[in-house]
Amino acid sequence: MKFINKIAVGLVLLLTLGLHAQHRSKLVVSVDTESHTLTVSQQLTYVNKSAKTLNTIVLNDWNNAYSDRNSLLGERFSDEFVRSFHLAKAKERGNTNSVVVTDAQNSALNWTRPKLDLVEVTLNQPLAPQQQIVLNLNYVVKLPSDQFTKYGYDSNNNLTLKNWFLAPARFSEDHFVRNSNANLDDIVNGLCDYDLEVHVRGTIEVTSDLDEVGKNQTAEGISYSFSGQNRNDFSLYVNQRSDFYSFKNARVDVLTDLKDTKLDGIQKAIIIDRVVNFVGENIGDYPFEKMTVSQVDYERNPFYGLNQLPSFLSPFPNDFLYELKFLKTYTNNFLKNSLHLDGRKDNWVYDAIQMYVMMKYIDEYRPESKMMGSLSKWKLLRSYYIINLQFNEQYSYYYMLMARKNLDQPLGDSKETLIRFNEKIASKYRAGLSLKYLDNFLSDSIVPRSIKLFYRDNIGQTTDRYHFENQIEAMTNKKVEWFFRTVIESRDIIDYKFGEVTKTADSITMNIKNRTGTTVPIPVYGIKDKKIVFKEWFENIQTDSTFTVKRNNADKIVLNYNNEVPEFNLRNNWRSLKVFFGNDRPYKFAFLKDLENPHYNQIIYVPTLTYNYYDGLSPGIKFSNKTMLDKPFIFDLNPVYSTKTQSLSGSAGFSINQYRRDSRLFNIRYGMSGSYYHYAPDAAYLKLSPSVNFLIREKDFRDNKKQGINLRYSIVRKDHSEIVIDSSENYAVLNARYSNSRTEINNHFNYNTDVQVSSEFSKLSGELQYRKLFDNNRQFNIRFFAGTFVHNNTDSDYFDFGLSNPNDYLFDYNFFGRSEETGLLSQQIILAEGAFKSKLAPKRANQWMATTNVSFSIWNWIEAYGDAGFVKNHHNSEKFLYDSGIRLNLVTDYFELYFPVYSNNGWEIAQSHYNEKIRFIATFSPKTLINLFTRKWF
């Protein structure tokens with residue numbers, strides 16, 4: 001009997017230990033809003049819940065990632081061309097300092113930093129499984145400026161705190177998860193019970209998603225007390241005056257400061273209540289009493305789209321914008337606070353459930369909403385496909401934008417490997433679409449029921465993607481392995497089309513072809529007068545299969561009509577049963593731009609205005625098939641009217657893109673281009689150039705290293721000019737070029753080689769360029785160029801290397817007045833070949849040339865430059881040339897000014913007609929400027 005009692009007591013003790021075997025963290029924090037510091041005294045009770053004896057404990061210290069430009073956080077900012085972090089002053093960066101660690105007996109414990117934002121504590125005694133240890137931690141947190149990630153302090157000394165304290169890293173399987181801060185909101189802490197005491201001076205207000213258990217006035221200010229159980233993390237807001245308002249219903253108390261000055265409290269309360277109840281009904285009950293939904297939360301993960309425009313331009317009503325903002329932020333916080341996945345490895349589960357629920361919400365409460373909002377009511381715009389697109393249909397186009405560029409990545413990849421556009425937009429939206437695809441295939445509410453059961457069974461405990469997969473598999477008899485292995489874990493593209501189709505009055509026999517070999521279920525719809533008359537799912541089509549279905553009076557059959565399947569090409573999905581050849585998409589013209597419309601062959605027309613000195617302002621119109629998604633075949637025709645010569649000029653281009661999905665050689669482009677413009681007041685040129693371009697990337701899509709090989713054959717025919725004396729009027733050049741570059745904020749390196757061969761000459765050249773942004777925010781640029789003729793049988797200097805401007809005999813550069821020797825247009829500079837800024841003699845080289853170009857920043861966009869090099873011509877000894885001056889780098893490669901100071905010509909700044917020596921770069925290509933802003937996304 002005593003033995004049985006001992007067993008019973010033992011079982012009770014084990015059960016009690018299981019119920020209370022939770023890390024516990026007690027933090028006492030003194031806040032100094034002026035110095036942006038937190039003085040922390042923390043007692044951490046660490047429970048070894050693993051089966052492994054521990055000699056060390058790893059703590060996340062993500063605030064310390066801000067202390068160094070070379071942290072993973074700093075490297076990602078550099079990769080994404082975010083200058084603010086690298087240019088920040090030391091006081092604007094954060095750190096964690098004065099760290100002291102002792103045990104319960106007040107014995108000092110040694111600690112190290114295996115990574116900049118991790119603290120590894122060495123224990124004096126091994127910690128056995130199911131045992132616990134108390135760590136006393138004292139440290140000072142210096143908060144960063146919120147300009148980097150929106151966490152930290154703002155200009156008004158308000159503090160937004162996230163991932164700021166030392167927390168035990170999650171122990172998974174047999175190791176600690178040692179993730180560094182990558183600005184991805186994916187910290188993986190061990191689950192903890194928290195007691196938090198915050199001391200502030202004056203009347204500063206503190207808000208948290210932890211439960212507030214006390215608020216006491218002290219001699220110096222206010223003391224706030226909070227608590228929370230079973231938390232991965234929590235948010236804390238310290239404001240001079242809080243803008244948070246409470247909206248409470250039967251499910252949860254929501255504290256929010258989302259901005260919208262045009263809605264009153266009642267309107268907001270109705271929206272919040274509707275969203276909270278909808279999420280609860282479709283996912284489950286929130287496990288905590290309170291949730292914060294902050295403006296910072298939204299700004300870190302906004303709803304990307306047209307609603308980001310300023311309010312006076314937005315085509316959406318204020319209540320809908322607020323609803324979108326709250327819906328997106330609430331669902332994100334709901335899932336991240338409740339489901340404890342590894343947000344780096346298994347983030348797709350968060351994204352899939354969030355976007356799936358959001359799409360269901362729009363279908364239920366805003367079913368008539370359009371992607372472009374109220375613009376769909378404008379009669380002038382109704383012909384545009386983008387205007388008529390349903391709101392939820394936009395998500396597939398964000399995914400397709402990347403897939404057509406061959407930049408999409410597997411949804412199941414670890415989050416830190418995703419390029420920015422995929423991480424923020426494309427992968428997130430595709431995850432939701434994919435779950436909706438599975439829902440449509442399985443039907444019977446299997447997916448929504450699986451979400452609720454997965455949430456119910458895993459709330460408040462660590463889980464992973466495989467629990468979610470197992471939950472769905474348990475709910476259906478259909479095979480779903482294709483969904484997880486192909487749709488989630490691969491980047492295999494899906495593309496089906498019709499083969500032979502025959503029909504009778506009662507039936508349709510169709511052949512469906514799998515164009516990519518990716519085998520997933522595909523639906524076929526029968527359409528009659530734009531209404532669905534049948535829908536059938538077909539599976540296991542590995543190459544092609546033939547099926548017979550009842551016709552039901554259908555006059556069209558369509559694959560993937562409602563775009564449930566994330567398919568690569570929707571343009572080959574239609575087959576008319578009225579015409580013999582079937583694929584009867586009519587042509588449709590669209591002004592400026594449009595989304596790709598699978599129902600039509602679209603031709604885009606755009607007014608253009610070009611300029612060069614000899615053609616003058618040349619209005620024209622460009623015809624192309626370029627929609628917002630890349631296509632395998634692209635044409636571009638741009639006839640223009642030359643106002644000076646009163647004749648037609650222009651350009652044309654055709655290209656075929658071959659994307660290689662699983663190769664570093666990811667794109668081969670075959671092209672043919674042509675142009676016809678004037679190069680002198682009395683003469684024009686015609687250039688035709690067939691080409692092949694090979695683009696190479698690294699296996700890591702985030703790596704900014706790019707390589708390219710370009711092969712082209714340029715045929716040039718020039719009219720004879722009485723003004724520009726030149727014997728080279730008809731020639732052809734075979735050109736092979738290799739380029740290799742890696743560009744980031746703090747480092748840029750590229751080199752290229754060039755080979756040109758013609759009947760009269762052959763030449764080799766190479767260029768190397770390096771740019772470094774130093775920690776003191778000074779920038780250094782250096783460029784080397786060397787070129788030599790292998791043979792040169794020409795009797796003019798037309799094909800020579802140029803010292804201060806290239807001889808643009810292939811008409812590659814946008815010169816405004818390419819034949820001008822005097823005047824403003826002659827001062828335009830193209831930084832190629834010698835790239836000197838002063839005009840020196842000899843200005844060309846018919847044997848070889850080697851130059852170096854250097855610049856160094858003085859202040860902001862003001863730089864000093866210097867050029868030096870040797871020029872060698874036949875029958876002359878080589879000559880050493882140099883120049884120097886000041887560069888105003890106003891917009892790099894777009895608008896720059898060069899002011900010569902000293903060169904072989906002497907003190908140029910003191911010489912007459914100095915204004916004629918100033919050189920400029922001016923590029924009126926919108927694409928060049930846009931690339932400066934979009935490069936951080938791709």
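# Cavities, sheets and a helix pair

The count here comes to 9 cavities of 30 Å³ or more. Keep in mind that this is a predicted model. Below is a quick tour: the empty spaces come up before the helix pair, and the strands follow.

**The largest cavity**

- Let's start with the largest cavity, which holds about 380 Å³ of space.
- Its lining is made of 26 residues, and those nearest the centre are Lys 162, Asp 185, Asp 233, Lys 336 and Asn 337.
- Which elements give two or more residues to the lining of the largest cavity? They are α5 (295-300) and α6.
- Helix α6 is the top contributor to this lining, with 4 residues.
- If you sort the lining of the largest cavity by residue type, you get 6 nonpolar, 10 polar and 10 charged.

**The second largest cavity**

- The second largest cavity comes in at about 140 Å³.
- It has 18 lining residues, with Tyr 66, Tyr 151, Lys 162, Asn 163 and Asn 181 lying nearest its centre.
- You may spot Lys 162 again: it is among the residues nearest the centre of the largest cavity, and it is also on that list for the second largest cavity.
- The lining of the second largest cavity splits into 8 nonpolar, 7 polar and 3 charged residues.

**A pocket to look at**

- Now for a pocket: the second largest one contains about 1100 Å³ of space.
- It is lined by 44 residues, and the closest to its centre are Arg 818, Glu 820, Glu 821, Lys 843 and Arg 844.
- How do the residues lining the second largest pocket divide? There are 14 nonpolar, 15 polar and 15 charged ones.

**Two helices that cross**

- Helix α6 turns up again here: α6 (residues 318-338) and α7 (residues 347-365) have axes that come within 10 Å and cross at roughly 145°.
- Is the crossing of α6 and α7 left-handed or right-handed? It is right-handed.
- On the α6 side, the residues that meet α7 include Phe 320, Leu 324, Leu 327 and Lys 336.
- On the α7 side, Tyr 350, Ile 353, Val 357 and Tyr 361 are among the residues that meet α6.
- The residues of this contact divide into 10 nonpolar, 4 polar and 3 charged.
- Lys 336 has two roles to notice: it is part of the α6 contact with α7, and it is among the residues nearest the centre of the largest cavity.

**Two open sheets**

- One open sheet has 4 strands in the order β5-β6-β3-β10, with antiparallel pairing.
- Its edge strands, each pairing on one side only, are β5 (111-112) and β10 (167-168).
- In this sheet, β3 (residues 54-60) and β10 pair in the antiparallel sense over 2 bridges, and the partner of Asn 60 in β10 is Ala 167.
- Another open sheet has 3 strands in the order β21-β22-β25, again with antiparallel pairing.
- Here the edges are β21 (496-503) and β25 (544-550), and each pairs on one side only.
- Neighbouring strands of this 3-strand sheet are turned by 25° against each other on average, ignoring direction.
- β22 (residues 507-514) pairs with β25 over 7 bridges, and Ile 512 stands opposite Ser 545 in β25.

**Strands 31 to 33**

- β31 (residues 633-642) and β32 (residues 647-659) run antiparallel and are joined by 10 bridges.
- The hairpin of β31 and β32 has 4 residues between the strands, and Gln 646 takes a positive phi near 55° there.
- β32 also runs antiparallel to β33 (residues 665-680), with 10 bridges between them, and a hairpin of 5 residues joins the two.
- Want a residue to follow across the strands? Phe 654 in β32 stands opposite Phe 635, and its bridge partner in β33 is Met 672.

**Strands 37 to 39**

- β37 (residues 747-757) and β38 (residues 761-773) run antiparallel with 11 bridges, and their hairpin has 3 residues between them.
- β38 and β39 (residues 779-792) are also antiparallel, this time with 13 bridges.
- Between β38 and β39 there are 5 hairpin residues, and Asn 777 in the turn has a positive phi of about 70°.
- Arg 771 in β38 stands opposite His 748, and Arg 771 also stands opposite Asn 781 in β39.

How values were computed
Residues are numbered from 1 along each chain as its sequence is written. This is a predicted model: local features need pLDDT of at least 70, side-chain atom pairs count only at pLDDT 80 or more; totals for chains, interfaces and linings use all residues. Side-chain values use heavy atoms; hydrogens and water are left out. Two strands pair if DSSP finds at least two bridges between them. Axes are lines fitted to C-alpha atoms, for helices over the stretch in contact, and angles run from 0 to 180 degrees between N-to-C directions. A crossing is left-handed if the near helix is turned anticlockwise from the far one by less than a right angle, and right-handed if clockwise. Contact means heavy atoms within 4.5 Å. Ala, Val, Leu, Ile, Met, Phe, Trp, Tyr, Cys and Pro count as nonpolar, Asp, Glu, Lys and Arg as charged, and the others, Gly among them, as polar. On a 1 Å grid over the protein atoms alone, a cavity is a set of points where a 1.4 Å probe fits but cannot get out, and a pocket is an open set with protein on both sides within 12 Å along at least five of seven lines; lining residues have an atom within 4 Å of a point. Grid points are joined across faces, edges and corners, and a volume is the space filled by probe spheres set on the points.
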